[in-house]
Amino acid sequence: MGGKLNACVNAVDRHVEAGNGDRVAFHFVGEPGDRQDTTYAELHEKVQRAANALIALGVETGDRVAIYLPMIPESVVAMLACARLGAPHSVVFGGFSADALRTRIADGEAKVVITADGGFRKGKAATLKPAVDKAISGDTTVTNVLVVRRTESDVDMVEGRDLWWHEALEAVEPTHTPEYFDSEHPLFILYTSGTTGKPKGILHTTGGYLTQTAFTSKYVHDIHPEKDVYWCTADVGWVTGHSYVSYGPMALGATQVIYEGTPDSPHKGRWWEIVQDLGVTIFYTAPTAIRACMKWGRDIPDGYDLSSLRVLGSVGEPINPEAWVWYSEVVGHGKAPIVDTWWQTETGAVMISPMPGVTSTRPGSAQLAIPGIEVDVVDESGASVPDGSGGYLVVKEPWPAMLRGIWGDPERYVDTYWSRFEEFYFAGDGAKKDSDGNIWVLGRVDDVMNVSGHRLSTSEIESALVSHSSVAEAAVVGANDPMTGQAVCAFVILRGEAVAAGDQQGEELVTALRNHVADRIGPIAKPRQIMVVAELPKTRSGKIMRRLLRDVAEKRDVGDVTTLADSTVMDAISAEMKEN
Ligand code: PRX
């Protein structure tokens with residue numbers, strides 16, 4: 001407390017002042033194959049110009065700026081320019097829909113939106129700007145939109161409101177004198193799914209966040225900025241992209257890869273080709289991607305020279321031992337240690353992980369808290385469970401990068417994290433300790449799903465489904481899926497009128513409902529499966545028993561139904577399932 005700093009100066013200016021201006025900050029690889037290197041000196045000018053452009057639009061310290069961009073260097077420039085001004089950014093993943101963007105812009109009361117004409121995805125140019133236009137139509141706090149030119153597609157520009165990023169940056173001075181902010185000054189808001197329909201704006205501040213992201217980049221990812229080429233495949237729309245693209249590695253002055261596209265575009269060896277061509281030494285990705293690569297076969301990575309890799313990271317969901325072993329042997333050639341890092345949007349930085357080269361690893365376990373962090377597995381009463389037992393994962397002492405609250409909702413902050421156990425932070429995960437005290441994270445114990453390492457809320461998808469005119473009621477569960485970890489499975493009851501009126505039915509209706517969810521939230525939330533049922537299993541107090549629905553979705557025998565108000569409901573659902 002009381003210290004002052006500027007996160008952008010720490011991420012950029014400091015390295016230029018130390019004589020490392022010629023070091024490459026980003027090796028950017030666009031999906032169509034375009035390449036662009038940016039040195040720290042070039043980045044320094046870009047962030048200063050971007051900060052000046054934001055000032056020209058009236059952005060002041062404390063104002064919020066929404067960022068809705070593809071994975072291109074401008075994403076990091078935009079975030080760091082906001083940090084330079086002490087204007088908290090709110091990055092919204094480019095895969096979220098206009099509706100989702102609107103909710104997040106409105107909740108954070110953003111003044112400016114930074115977006116792009118579009119980005120390249122699976123060989124095609126996908127648009128982004130039209131979603132922004134839709135999201136800020138009508139009543140809005142947004143006064144200006146800055147638009148990065150990426151795909152050269154046609155864009156409607158609203159006179160007086162919309163400006164091209166490159167023109168705005170050209171029009172201002174190349175230098176900007178930074179101000180220093182209190183270590184507790186808000187750095188960003190990042191929305192994540194919780195157990196209710198409304199996403200939570202997780203608030204992070206500057207000093208502690210930067211300390212822990214830099215510390216973990218140095219000791220968990222083992223970045224040596226003078227020699228490593230580091231690549232975290234996460235999009236800046238998620239916390240991993242914040243902490244391990246924009247802040248931690250930058251605070252160390254690292255050289256990193258930024259890749260716009262997917263691992264299989266235009267071919268399934270794309271990632272390994274980039275590792276080979278750029279000599280990547282540290283690679284950080286999600287288990288779901290590793291499982292996809294496993295499915296495509298080892299011949300693909302075997303066709304590239306991956307000998308530069310020396311540390312491999314995993315994040316976002318439990319990594320199954322088979323995927324761990326494959327990652328270690330096929331990608332790491334048995335010599336690169338794997339760091340399975342457990343953390344959350346709320347924790348801001350890695351909390352549990354092996355230390356590379358120090359910890360003897362256990363495939364599938366994130367193992368132990370990193371130095372300085374106190375985690376435990378406790379039972380219902382909050383008592384530490386003995387080795388060999390399971391319970392709830394908690395953090396027992398405050399940590400530097402901990403969230404400082406939920407934007408605009410202090411009550412929800414207390415309810416969500418501090419009411420389950422009186423004295424500990426409740427992470428929402430179940431975990432077990434093995435006989436050596438290693439922690440094995442089992443997954444969420446609340447109504448949050450983890451699909452391909454992305455957090456989705458069951459109730460958010462339920463709300464999206466019931467907002468469709470044909471749906472009376474909906475229940476959503478996360479069912480095990482061999483590729484994505486969990487998959488969204490929905491059970492819906494149709495409105496009587498919809499059925500009687502002979503509206504869309506069967507496959508046609510299911511497709512319409514899946515698309516409706518994509519419109520309301522984004523394609524990542526599309527249910528894998530939607531089942532139309534006559535009734536949902538409820539307790540006598542009216543609570544939907546998702547546990548039973550999960551049994552159905554995972555094709556298991558349905559468990560104990562004695563607490564159901566009507567115990568025949570599950571027979572009917574199981575029978576309907578068999579028919580389908
Ligand atoms: O359930 C845990 C899972 O992802 C959740 C946090 O999601 P999010 O805030 O989106 O952040 C993801 C990236 C940090 C956790 O509550 N999770 C994350 N990492 C792991 C994990 N589960 C098991 N092992 C991990 N390494």
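## Notebook: a first walk through the chain

I began just after helix α10, where G297 takes a positive phi of about 105 degrees. The model is a predicted one, and I kept that in mind for every entry below.

**Helix α10.** I went back from G297 to the helix itself and asked how many of the ten residues of α10 (residues 287–296) are buried. Seven of them are, so the helix is largely enclosed by the rest of the structure. The buried residues in α10 are P287, T288, A289, I290, R291, A292 and C293. I then looked up what covers these buried residues, and the list includes α9 (270–278), β16 (282–285), β17 (311–315), α12 (321–331) and β27 (485–494).

**The whole chain.** Stepping back, I noted 18 helices and 28 strands in the chain. The C-alpha atoms fill a box of roughly 75 × 60 × 50 Å when taken along the principal axes. For 580 residues, a compact globule would have a radius of gyration near 25 Å, and the 24 Å of this chain agrees with that. Buried residues make up 59% of the 580 residues. I also looked at contacts between residues at least 6 apart in sequence, and found that 69% of them join residues at least 24 apart.

**The nonpolar cores.** Which residues have the most contacts inside the largest nonpolar core? They are I114, Y247, I461 and L465, in a core that has 137 residues. Helix α3 (residues 73–85) gives the largest share of this core, with nine residues. Apart from this core lies another one, of 27 residues, and I wrote down V275, L278, L312 and Y327 as being among them. I followed I114 further and, leaving aside its neighbours within four places in sequence, I found it in contact with L54, V65, A66, I67, Y68, L69, A78, L146 and W165.

**Helices α1 and α3.** Since α3 had already come up, I looked at how helix α1 (residues 7–20) packs with α3, and I noted an angle of about 120 degrees with the axes 7 Å apart. The two helices are therefore oblique to each other. On the α1 side the contact is made by A7, C8, V9, A11, V12 and D13, and on the α3 side by L80, A83 and R84. Sorted by kind, the residues of this contact divide into seven nonpolar, no polar and two charged.

**H89.** This residue lies in strand β5 (residues 89–91). Is H89 buried or exposed? H89 has a relative accessible area of 0% and is buried, because the cut-off for buried is under 20%. Not counting residues up to four places away in sequence, H89 touches V65, I67, M79, C82, L187, F188, I189, H242 and Y247. I picked out F188 from that list, since H89 and F188 are 99 residues apart in sequence and yet 4.8 Å apart in space, C-alpha to C-alpha.

**D117.** I found D117 in the loop between β6 (112–116) and β7 (118–121). At 1% relative accessibility, D117 counts as buried. Beyond its neighbours within four places in sequence, D117 is in contact with A126, T127, L128, K129, V147, V148, R149, R150, T151, E152, S153 and V155. I also looked up how D117 stands to I338, and the two are 221 residues apart in sequence and 38 Å apart in space, C-alpha to C-alpha.

**K433.** The place of this lysine is in strand β22 (residues 425–433), and with a relative accessible area of 10% K433 is buried. Leaving aside neighbours within four places in sequence, the residues in contact with K433 are D376, V377, S384, V385, P386, D387, G388, S389 and N438.

**Backbone notes.** I ended with the backbone in three loops. A cis peptide bond joins S265 and P266, with omega at about 0 degrees, and P266 lies in the loop between β15 (255–259) and α9. E109 has a positive phi of about 50 degrees although it is not a glycine; E109 lies in the loop between α4 (98–108) and β6, and it is partly exposed, with a relative accessible area of 47%. D222, not a glycine either, has a positive phi of about 60 degrees, and I placed D222 in the loop between α7 (207–219) and β14 (229–232).

How values were computed. Residues are numbered from 1 along each chain as its sequence is written. This is a predicted model: local features need pLDDT of at least 70, side-chain atom pairs count only at pLDDT 80 or more; totals for chains, interfaces and linings use all residues. Side-chain values use heavy atoms; hydrogens and water are left out. A nonpolar core is a set of buried Ala, Val, Leu, Ile, Met, Phe, Trp, Tyr and Cys residues joined through side-chain atoms within 4.5 Å. Buried means under 20% relative accessible area, exposed over 50%, partly exposed in between (1.4 Å probe, protein chains only). Helices (H or I, at least four residues) and strands (E, at least two) are DSSP runs, numbered from the N terminus. Contact means heavy atoms within 4.5 Å. Axes are lines fitted to C-alpha atoms, for helices over the stretch in contact, and angles run from 0 to 180 degrees between N-to-C directions. Angles under 35 degrees count as roughly parallel, over 145 as roughly antiparallel, 65 to 115 as roughly perpendicular and the rest as oblique. Ala, Val, Leu, Ile, Met, Phe, Trp, Tyr, Cys and Pro count as nonpolar, Asp, Glu, Lys and Arg as charged, and the others, Gly among them, as polar. The radius of gyration is taken over C-alpha atoms; the globule rule is 2.2 Å times the number of residues to the power 0.38.
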